[in-house]
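Visitor: I would like to learn how to read a protein model feature by feature, beginning with the overall layout and ending with single residues. Could you take me through one?

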Amino acid sequence: HLGEKSFYHLCEETDFPFIASHSDSFSINPHVRNLKDEQIKIIVKRKGLIGLNFYNKFLGEGNAIEMLIKHADYILNLGGEDVLCMGSDFDGCSIDEELKGIEKMENLYSVFNKHFGVKLTDKIFYENANEYLLNK
């Protein structure tokens, strides 16, 4: 939940690979809590994690799953293949019905698999987070 100024302060204080547990791309939707390109690149360089957020206000206008794919594509194009994961934010914010609840993840996995392929989808859905948690 760090703002941009606090993000850079954290970067000055440590070189540890930290987690933006539920954030999307500011370039796709300019919400103050979304990550700007430079922030994404820092997390990628440090081998941290970026958890995709399902919150409507972070995703932006449009179909929620399509917007989630846009955010994922954008972060991946900035080098995020090994740091992108699911962050959801199921606890207390507005999430479209097609994403709301763990029971919707099977369908979301299927959509991601069709768009990204099984190898990258597995990295995003569990392998990147598992790798981070086991090795940090």
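Guide: What follows goes from the whole chain to the sheet, then to a helix, and at last to some loop residues. Please keep in mind that this is a predicted model.

Visitor: How many helices and strands are there in the chain, and in which pattern do they follow along the sequence?

Guide: The chain holds six helices and three strands, and read along the sequence they follow the pattern α-β-α-β-α-α-β-α-α. The radius of gyration is 14 Å, close to the 14 Å given by the globule rule for 136 residues, so the chain is as compact as a globular protein of that length. Along its principal axes, the C-alpha trace spans about 40 × 30 × 25 Å.

Visitor: What share of the residues is buried, and what share of the contacts comes from residues 24 or more positions apart?

Guide: Buried residues make up 45% of the 136 residues, where buried stands for under 20% relative accessible area. Among the contacts with a separation of 6 or more, 70% are accounted for by residues 24 or more positions apart in the sequence. As for the outside, the accessible surface comes to about 7,600 Å², and carbon and sulfur atoms hold 50% of that area. For the charges, the mean positions of the 15 positive and the 22 negative ones are 4 Å apart.

Visitor: Now the sheet: what is the order of the strands, and which of them stand at the edges?

Guide: The three strands form an open sheet in the order β1-β2-β3, with parallel pairing. β1 and β3 are at the edges, each having a single partner strand, so one side of each is left without a neighbour in the sheet.

Visitor: How many bridges join each pair, and which residues stand opposite one another?

Guide: β1 and β2 run parallel and are joined by two bridges, with A20 standing opposite I50 of β2. Between β2 and β3 the pairing, again parallel, extends over four bridges; here L52 has M86 of β3 as its bridge partner, and N53 has S88 of β3.

Visitor: How should I read the two faces of a strand, and where do the residues of β2 point?

Guide: The general idea is that side chains in a regular strand alternate between the two faces of the sheet. In β2, L49, G51 and N53 are on one side while I50 and L52 are on the other, and both faces are covered, these residues all being buried. Five of the five residues of β2 are buried, so this strand is largely enclosed by the rest of the structure. β3 also has five of its five residues buried, so β3 too is largely enclosed by the rest of the structure.

Visitor: And for a helix, which residues of α2 are buried, and what covers them?

Guide: The general idea for helices is that an α-helix has 3.6 residues a turn, so residues three or four places apart point the same way. In α2, which covers residues 37–46, the buried residues are Q39, I40, I42, I43 and V44. Their cover includes the helices α1 (4–13) and α4 (64–77) together with the strands β1 (19–20) and β2 (49–53). After α2 comes K47, which has a positive phi near 60 degrees.

Visitor: Which other residues have a positive phi, and are they buried or exposed?

Guide: Two to look at are S88 and D89. S88, found in strand β3, has a positive phi of about 50 degrees although it is not a glycine, and at 15% relative accessibility S88 counts as buried. D89, likewise a residue other than glycine, has a phi near 80 degrees; D89 lies in the loop between β3 and α5 and is buried, with a relative accessible area of 16%.

Visitor: Where is D96 placed, and with which residues is D96 in contact beyond its neighbours within four places in sequence?

Guide: D96 is in the loop between β3 (84–88) and α5 (105–116). Its relative accessible area is 27%, so D96 is partly exposed. Leaving aside neighbours within four places in sequence, D96 is in contact with N56, G62 and A64. Of these, N56 is 40 residues from D96 in sequence, whereas the two are 6.9 Å apart in space, C-alpha to C-alpha.

Methods: Residues numbered from 1 in each chain as written. Heavy atoms only, no water. Buried < 20%, exposed > 50% of the residue type's maximum accessible area, 1.4 Å probe, protein only. Contact = heavy atoms within 4.5 Å. Pairing = 2+ DSSP bridges. Rg over C-alpha atoms; globule rule 2.2 N^0.38 Å. Areas by Shrake-Rupley, 256 points an atom, 1.4 Å probe, with all protein chains shown as cover. Lys, Arg positive; Asp, Glu negative; His and termini not counted. Charge placed at Lys NZ, Arg CZ, Asp CG, Glu CD.
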